Amino acid sequence: MVALEKRLNLKRCPHCQIANPNIIQQNHFETQDANGGNQRIWITYVCQSCGGALLGSRTKSGNQAQQLFPEPTMIEECIPEKAREFLNQAINSLNAPAGSIMLSASSIDAMLKDIGYKEGSLFERIEKAVKDNRLTPGMSEWAHLIRLEANDQRHADDKAELPNEEDARKIVDFAIALAQFLYVLPNKVKMGIEESK
């Protein structure tokens, strides 16, 4: 975790994703439970680029964060390299929504190809993954919406409005959820089984 000092040293702001953000302490206060235990110091921070607020807690004796809200987005190493890199770039370019959307779609495409769906169009690969029970019908519907949004950006569709950061964030969220479903959760289950043997 990160040290809660006057300036919060994060690689990226969890709100705007700017690199090496200038996140400055604004205020702090102490809390405890009804019996005087569980004492914590809470510190509020503000990103000087986007104005997004962060809240961290630490013990009275240390400066290492016990909790940080919102948590910085972490992309797990168990996600295949190509999909992981596209996803990192999508997150890091949320301030350029059209580009972020196309990168998210590339990450989704790379994940589907990694699990064996290499033939046909992205539409056909999504449908095959649902038929094989690798994706749920709900995930398929969500994936198709993302595919269509990425197509609008890639083909500069005259009828499509330019996306905003919220649109891009929704698509990044799906790509992260898909990575969790396909790679992170199975990896945790495997490690849990190995540890319990």
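Which of the 33 residues in the largest nonpolar core touch the most other members? In this predicted model, that position is held by Ile79, Ile108, Met111, Leu112, Leu135, Phe174 and Leu178. Two or more residues of this core are supplied by each of the elements α1 (81-92), α2 (97-114), α3 (122-131), α4 (137-154) and α5 (165-196). The largest share, ten residues, is contributed by α5.

The surroundings of one of these core residues, Leu112, can be described further. When residues up to four places away in sequence are disregarded, Leu112 touches Tyr117, Leu122, Arg125, Ile126, Ala129 and Leu135. Leu135 is itself among the core residues that touch the most other members. Another core, of 14 residues, lies apart from the largest one, and its members include Leu4, Leu8, Leu54 and Leu68.

The protein chain as a whole contains five helices and five strands. Read from the N terminus, these elements follow the order β-β-β-β-β-α-α-α-α-α. Strand β1 (residues 7-8) and strand β2 (residues 23-31) run antiparallel and are joined by two bridges. Leu8, one of the residues of the 14-residue core, has Ile23 as its bridge partner in β2. Strand β2 also pairs with strand β3 (residues 40-47), again in the antiparallel sense, through eight bridges. Within this pairing, Phe29 is matched with Trp42 of β3. In a regular strand, side chains alternate between the two faces of the sheet.

Global descriptors complete the account. The C-alpha trace of the protein chain spans about 60 × 55 × 30 Å along its principal axes. Of the 197 residues in the chain, 37% are buried. Among contacts with a separation of 6 or more, 49% involve residues 24 or more positions apart. The exposed area of the protein chain amounts to about 11,700 Å², of which carbon and sulfur atoms supply 50%. The chain carries 23 positive and 26 negative charges, and the mean positions of these two sets are 5 Å apart.

Taken by region, the helices α1, α2, α3, α4 and α5 each give two or more residues to the largest nonpolar core, whereas β2 is paired with β1 over two bridges and with β3 over eight bridges.

Technical notes: Residues numbered from 1 in each chain as written. Predicted model: local features only at pLDDT ≥ 70, side-chain atom pairs only at ≥ 80, totals over all residues. Heavy atoms only, no water. Helix = DSSP H or I, 4+ residues; strand = E, 2+ residues; numbered from the N terminus. Buried < 20%, exposed > 50% of the residue type's maximum accessible area, 1.4 Å probe, protein only. Contact = heavy atoms within 4.5 Å. Areas by Shrake-Rupley, 256 points an atom, 1.4 Å probe, with all protein chains shown as cover. Lys, Arg positive; Asp, Glu negative; His and termini not counted. Charge placed at Lys NZ, Arg CZ, Asp CG, Glu CD. Core = buried A, V, L, I, M, F, W, Y, C linked by side-chain atoms within 4.5 Å. Pairing = 2+ DSSP bridges.
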